[in-house]
Amino acid sequence: MINPLNAILVIILVMNLFALGTSRILSVIRIIGFQGALLGTIPLFHEHLTVTAITAASAAIILKGIVIPNIMIKVLRDTNIKKEVEPLIGFMPSIILGAIATAFALLFATESTQTEPGNLIIPASIATILCGFILLTTRFKALSQVLGYLLLENGIYIFSILLVKAIPLVIEM
């Protein structure tokens, strides 16, 4: 039986590579928005359904999947930017760096942590953080760099799912 949490995390890892490989900023906004909505569902699959988990999930889905992408689309429309013309490194090398970062995260996290077998939370968070750094540092447009920050924050959010029971809801948001 496939663990739905791991299936969501694999989709997020693939979306990281899509975000690194596209030149159209609107597409990257949509990818990161959909990724944020998927991230919002993770607390529902990770732990038992509690009021904290449901509140965190609904707030994350609304903020990461709807509010932030709509703000970014409005900024994109106001600035009249269509795509990243020439990034610091090309889109194909960005995808290759992202794939190497993902492989590194999978190898490193499974070797160094004592988590249950088949749990991808730590490798997915490390890979998403690294892909966010790649997007942040290889793009010239400020809007693309902000999207890199959002991808980086998505990785931090994935890692914080491990701490839902340990930290208050206010810090989680």
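At the start of helix H1, Asn3 offers a side-chain oxygen that comes within 3.2 Å of the backbone nitrogen of Leu5. Bear in mind that this is a predicted model. From that starting point, let's walk along H1, then step back to the whole chain, and finish at Val146.

**Helix H1**
- H1 covers residues 4–21, which makes 18 residues.
- Its end C-alpha atoms lie 26 Å apart, and this agrees with the 26 Å expected at 1.5 Å a residue.
- Leu5, whose backbone nitrogen faces the Asn3 oxygen, is one of the buried residues of H1.
- Also buried in this helix are Asn6, Ile8, Leu9, Ile12, Leu13, Met15, Asn16, Ala19 and Leu20.
- As background for reading such a list, an α-helix has 3.6 residues a turn, so residues three or four places apart point the same way.

**The chain as a whole**
- The protein chain has seven helices and zero strands, giving the pattern α-α-α-α-α-α-α along the sequence.
- Of its 173 residues, 42% are buried.
- Carbon and sulfur atoms account for 72% of the accessible surface, which comes to about 9,300 Å².
- If you count contacts between residues at least 6 apart in sequence, 75% of them join residues at least 24 apart.

**Val146**
- Val146 sits in helix H6, which runs over residues 142–160.
- Is Val146 buried or exposed? Neither label fits: its relative accessible area is 35%, so Val146 is partly exposed, a class that lies between the buried limit of under 20% and the exposed limit of over 50%.
- Gly132 is 14 residues from Val146 in sequence, and their C-alpha atoms are 9.8 Å apart in space.

Methods:
Residues are numbered from 1 along each chain as its sequence is written. This is a predicted model: local features need pLDDT of at least 70, side-chain atom pairs count only at pLDDT 80 or more; totals for chains, interfaces and linings use all residues. Side-chain values use heavy atoms; hydrogens and water are left out. Helices (H or I, at least four residues) and strands (E, at least two) are DSSP runs, numbered from the N terminus. Buried means under 20% relative accessible area, exposed over 50%, partly exposed in between (1.4 Å probe, protein chains only). Contact means heavy atoms within 4.5 Å. Accessible areas come from the Shrake-Rupley method with a 1.4 Å probe; for residues, only the protein chains shown count as cover. The expected span of a helix is 1.5 Å times one less than its number of residues. A polar contact is a pair of N or O atoms within 3.5 Å; within protein, one must be able to donate a hydrogen and the other to accept it, and residues adjacent in sequence count only if both atoms are side-chain atoms.
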